[in-house]
Amino acid sequence: MFIETEATPNPATLKFLPGQDVMGSRGTADFTNAGAAARSPLAERLFGLEGVARIFLGSDFITVTKAEGVEWQALKPQVLGAIMEHVMAGRPVVLEEEGDAALEDSDPADAEIVAQIKELLDTRVRPAVAGDGGDIVFRGFRDGIVKLHLQGACSGCPSSRATLKHGVENMLRHYVPEVMAVEQVDA
């Protein structure tokens, strides 16, 4: 089995591509610490490696964020070995589906605007963000403000706030005049 690796815009995060589905059409999963990884045997295994700070599971990739002070030169071979052993053993990536616990904060009167925003995010933004090893999740729209949550390599990336403000905000404002600004939220 060959696992491809790619750098991401976040220097603390690498993207691992095992050449097969990870989450497939089940969406994504973002684990910010070992305690949050109980529903994913793969994430638990990766958190067992010293120096792993965050795990993000995408449709066909895994992004791993290293802790500060840890070098990829030492950690990368361990991550590759853990992913390879897990996949080759046929173990599940996640044990059960998890609903999105955070409720969207939107006025029902804005349902049409919210649908436009989600469509633009799904077709124009999410594919590019996934290419960098992350995801972007809609969290709400109120009073002209779109609230978005960044996951995976995008979370904590030095350029993520600039990309959100200059790229995503400008695009949404162009196509949806009701959008005044975009804000990043943590949950």
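**Exercise 1. Where does phenylalanine 2 lie relative to β1?**

Work out its place and its surroundings. Keep in mind that this is a predicted model.

*Solution.*
- Start with the position: phenylalanine 2 sits in the segment before β1, the strand covering 4–7.
- Next, check the exposure. The cut-off for exposed is over 50% relative accessible area. Phenylalanine 2 reaches 65% relative accessibility, so it counts as exposed.
- Now look for partners. Once neighbours within four places in sequence are set aside, phenylalanine 2 is in contact with Leu17 and Pro18.
- Finally, try a pair separated along the chain: phenylalanine 2 and proline 77 are 75 residues apart in sequence, and their C-alpha atoms are separated by 13 Å.

**Exercise 2. Is histidine 86 buried or exposed, and which residues does it touch?**

*Solution.*
- Find the element: histidine 86 belongs to helix α2, which runs over residues 72–88.
- Apply the burial cut-off, under 20% relative accessible area. Histidine 86 has just 2%, so it is buried.
- List the contacts, skipping residues up to four places away in sequence. Histidine 86 touches Pro41, Leu42 and Arg45, and also Arg91, Pro92 and Val93.

**Exercise 3. Which helix holds lysine 118, and how far is lysine 118 from glycine 51?**

*Solution.*
- The helix is α3, residues 111–131.
- For exposure, note that partly exposed covers the range between under 20% and over 50%. Lysine 118 comes out at 29% relative accessible area, so it is partly exposed.
- Its contacts, again ignoring residues up to four places away, are Glu104 and Phe138.
- For the distance, go C-alpha to C-alpha: lysine 118 and glycine 51 are 35 Å apart in space, with their positions 67 residues apart in sequence.

**Exercise 4. What is the sign of phi at aspartate 143?**

Say where the residue sits, too.

*Solution.*
- The phi of aspartate 143 is positive, about 50°, although the residue is not a glycine.
- As for the place, aspartate 143 is in the loop that links β7 (134–142) to β8 (145–152).
- With 75% relative accessibility, over the 50% cut-off, aspartate 143 counts as exposed.

**Exercise 5. How many helices and strands does the protein chain have?**

Then see where the annotated domain falls.

*Solution.*
- Count the elements: 4 helices and 9 strands.
- Put them in order along the sequence and you get β-β-β-α-β-β-α-β-α-β-β-α-β.
- Bring in the record: an unreviewed UniProt entry places "domain: Scaffold protein Nfu/NifU N-terminal" at residues 3–90.
- Inspect that span. Residues 3–90 are 27% helix and 26% strand, and the end C-alpha atoms lie 15 Å apart.

**Exercise 6. Why does the radius of gyration of the protein chain agree with a compact globule?**

Go on to describe the whole chain.

*Solution.*
- Compare the two values. A compact globule of 187 residues would have a radius of gyration near 16 Å, and the protein chain has 17 Å, so the two agree.
- Look at the extents: along its principal axes, the C-alpha trace spans about 50 × 30 × 25 Å.
- Turn to burial, where 46% of the 187 residues count as buried.
- Check the contacts between residues at least 6 apart in sequence: 62% of them join residues at least 24 apart.
- Take the surface next. The protein chain exposes about 9600 Å², with 50% of that supplied by carbon and sulfur atoms.
- Finish with charge: there are 17 positive and 28 negative charges, and their mean positions are 2 Å apart.

Notes: Residues numbered from 1 in each chain as written. Predicted model: local features only at pLDDT ≥ 70, side-chain atom pairs only at ≥ 80, totals over all residues. Heavy atoms only, no water. UniProt positions renumbered as here; feature names shortened; annotations may be inferred. Helix = DSSP H or I, 4+ residues; strand = E, 2+ residues; numbered from the N terminus. Rg over C-alpha atoms; globule rule 2.2 N^0.38 Å. Buried < 20%, exposed > 50% of the residue type's maximum accessible area, 1.4 Å probe, protein only. Contact = heavy atoms within 4.5 Å. Areas by Shrake-Rupley, 256 points an atom, 1.4 Å probe, with all protein chains shown as cover. Lys, Arg positive; Asp, Glu negative; His and termini not counted. Charge placed at Lys NZ, Arg CZ, Asp CG, Glu CD.
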